[in-house]
Amino acid sequence: MILKRILRFYYEGFRRMTWGRTLWTIILIKLFIMFAILKLFFFPDFLGTRFSSDEERSDYVIEQLTKKP
Amino acid sequence: MHEAFDYALVDWSRAQFALTAMYHWVFVPLTLGLAFIIAIMETLYVSTGKEEWKRITKFWMILFGVNFAIGVATGIILEFEFGTNWSNYSWFVGDIFGAPLAIEGILAFFLESTFIAVMFFGWDKVSKKFHLAATWLTAFGANISALWILVANAWMQYPVGMHFNPDTARNEMGNFWEVFLSPVAVNKFLHTISSAYTLAAIFVIGVSAWYLLKKRHVVFAKKSIVVAATFGLVAILYTIVTGDGSAKQMARKQPMKFAAMEGLYHGTSGAGLVALGIVVDNQEDPDNENYKDFALKIEIPNLLSYMAYSDFNSFIPGVKDLMEGNAEQGIPPVMEKVARGKVAIQALTEYKLAKKAGNEEQMLLARAALEENFKYFGYGYFEKDPDALVPSVPISFYSFHIMVALGFWFLALMIIFLVLTFKGRLETSRFWLRMAIFSIPLAYIASQSGWVLAELGRQPWVIQDLMPTMAAVSQIDAGSVQTTFWLFLILFTALAIAEVRILTKQISIGPKDGGH
């Protein structure tokens, strides 16, 4: 019952929006660009995608931190 | 220069992070401050029952909503960058950075998001008091979000409450409260949020001043100015107090940044504060890019010493003292720290080799050497170029002085607007109304200058004394970082243009009883 009232509250709120619709459009476009384009194609997790275990990751970082000029 | 690092990659990674962080900070301070101004206005509505206050609250809530909607999630890009461009850093900081950000995500973001819905959708659906509570909780939620991020940033300026684990190459949190309540974190949080409140107050005063100049919504504008100027006066006074606290912490924890922001080369007792100065190359040593002088300066005697240690005659080390050492003041030369940093880096290498070989005795020895010298770990990268340990003096100096000068201008502005309000001369003081509008961009400049000082003034460190910026970046193609830099520039510029256009449209429409 409470859940239904909460859902109705949000539904009514969104339905009655006037200028807020523009903002939600901007938010959704922005989130799409961020997550579906930027994150997916340009921002992979560098250590997460290159190594399969934390031990390999820590070895790599130590190697990076201690490499000689 | 350290040949092992790709400086084009480092520079583009830094530029990209700076760009995204600065654009993110365009949206944040207005959200933090306007949330409280709206809450105060709604409190006046609930306590007096006057519909005019409801109309005022609803109008500023629209502008808050626009700014919140366009700014929301822009900070997530910074987290993308941590994982991709700054993977050494992200790994090295371990849960010190992860824990506060996780708390922020779970607690504050959801608190904020839930009550924002009540703020906008709930006007006729919930009781007045419940709605008011939602507005206050939104304001607190936004500020709690900022708290965790600022705690994480403060740890980078003053790393405490952790120990480094050489098995994982990560810093592990030893004492949450030491991280959370470090004096740098406390001052940073209070100074940042109070400056954000000031910015929001100036925004409200500036927009209201525009209405008064146009002779539109006069009562609305005057009431808004009373609330904003009162709130702003308290905020700017607190910004000054906490700024003083931040300076005291900086003098103790980041003396090089402190010396750079005042262009102080030769340490002295009873050091004066340069109120106004023009930085130029030093004729004694023009080839040294870190050695600058003043073509002109107006100095307030002894004030810098007082600002740092509450003692007009205290000694303030200059850049040269910190680089070359000052035995009389007990300051070691920087090359001593470099030598200890090298020992720490070598010990980490030996620890790893000994672990691979199963040599426990050697592991213990290496670990002891690492722990003894770890606090200088980052200095080990600067043997060939110790001058790189000095941040840009002109950038530090100008960003600090612009921030402080504007801070005092805002103080004057708040007082003037309160006086004009109480004398009933707001509408006729057209000069000051124009000054208020003109001060809106100045508030953003001051706010950004503060961050420029905080972040560029602490260079070359990404974590003070432990990790230089160049060692923090991922070994990825500089070209791809450059590409995403331009993508972000386009995306954020589009968002900023959308923000300004929607805000100006809503302002030109003005307050009405409309929906959301």
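In chain B, the loop between β5 (292-300) and α11 (303-309) is where N302(B) turns up. The model here is a predicted one, and N302(B) is a handy place to start reading its backbone. Phi of this asparagine, N302(B), is near 65°, so a positive value shows up in a residue other than glycine. As for its surroundings, N302(B) has a relative accessible area of 22%, which puts it in the partly exposed class.

K215(B) makes a natural companion. This lysine is not a glycine either, yet K215(B) carries a positive phi of about 60°. K215(B) sits in the loop between α8 and α9 of chain B. With a relative accessibility of 61%, K215(B) counts as exposed. For context, most residues other than glycine have a negative phi, and most peptide bonds are trans. The second half of that remark leads to a proline: going from Q459(B) to P460(B), the peptide bond is cis, and its omega is near 15°. P460(B) belongs to the loop between α16 (430-456) and β7 (461-463) of chain B.

Next comes the interface. On the chain B side, 59 residues are in contact with 41 residues of chain A. Together the two chains bury about 4100 Å², and 75% of that area is on carbon and sulfur atoms. As for charge pairing, the count between chain B and chain A is one salt bridge. That salt bridge brings together the side chains of K352(B) and D59(A), at 2.7 Å from N to O. Polar contacts across the interface come to seven residue pairs, with both partners at pLDDT 80 or more.

Which elements of chain B give two or more residues to the side that touches chain A? They are α2 (51-71), α3 (76-84), α4 (87-93), α5 (95-121), α13 (334-357) and α18 (478-509). Of these, α18(B) gives the most, with nine residues on the side of chain B that touches chain A. Sorted by residue type, this side of chain B breaks down into 31 nonpolar, 22 polar and six charged residues.

Aromatic rings are also part of the story at the boundary of the chains. A cluster linked by ring pairs takes in F35(A) and F43(A) along with Y23(B), F80(B), F488(B) and F492(B). F43(A) comes up again in the contacts of N85(B), an asparagine in the loop between α3 and α4 of chain B. Leaving aside residues up to four places away in sequence, N85(B) touches F43(A) as well as S13(B), Q16(B), A472(B), V473(B), S474(B), I476(B) and V481(B). One of these neighbours, Q16(B), has its side chain joined to that of N85(B) by a polar contact of 2.5 Å. Is N85(B) buried or exposed? At 2% relative accessibility, N85(B) counts as buried.

Helix α3 of chain B also holds E79(B). Unlike a buried residue, E79(B) has a relative accessibility of 40% and so counts as partly exposed. E79(B) and L101(B) are 22 residues apart along the chain, and their C-alpha atoms are separated by 9.5 Å.

Back to the rings: over all chains, the structure holds 50 aromatic pairs. A pair of this kind is described by the distance of the centres and the angle of the planes. F36(B) and W136(B) form one that is tilted, 5.9 Å centre to centre and with 55° between the planes. Because F36(B) lies in helix α1 (residues 7-48) and W136(B) in helix α6 (residues 128-157) of chain B, the pair ties together parts that are 100 residues apart in sequence. The two partners fall into separate accessibility classes: F36(B) counts as buried at 8% relative accessibility, while W136(B) counts as partly exposed at 28%.

Another pair involves Y197(B) and F231(B), whose ring centres are 5.5 Å apart with planes at 40°, so this pair is tilted as well. Here the link runs between helix α8 (residues 183-214) of chain B, which holds Y197(B), and helix α9 (residues 218-253) of chain B, which holds F231(B); the two residues are 34 residues apart. Both Y197(B) and F231(B) are buried.

Methods. Residues are numbered from 1 along each chain as its sequence is written. Chains are lettered from A and ligands numbered from 1 in the order in which they are written. This is a predicted model: local features need pLDDT of at least 70, side-chain atom pairs count only at pLDDT 80 or more; totals for chains, interfaces and linings use all residues. Side-chain values use heavy atoms; hydrogens and water are left out. Contact means heavy atoms within 4.5 Å. Buried area is the accessible area (1.4 Å probe) that two parts lose on being put together, summed over both. A salt bridge is a side-chain nitrogen of Lys or Arg within 4 Å of a carboxyl oxygen of Asp or Glu. A polar contact is a pair of N or O atoms within 3.5 Å; within protein, one must be able to donate a hydrogen and the other to accept it, and residues adjacent in sequence count only if both atoms are side-chain atoms. Helices (H or I, at least four residues) and strands (E, at least two) are DSSP runs, numbered from the N terminus. Ala, Val, Leu, Ile, Met, Phe, Trp, Tyr, Cys and Pro count as nonpolar, Asp, Glu, Lys and Arg as charged, and the others, Gly among them, as polar. Buried means under 20% relative accessible area, exposed over 50%, partly exposed in between (1.4 Å probe, protein chains only). Rings of Phe, Tyr and Trp (its six-membered ring) pair if their centres lie within 6.5 Å; planes under 30 degrees apart count as stacked, over 60 as edge-to-face and the rest as tilted.
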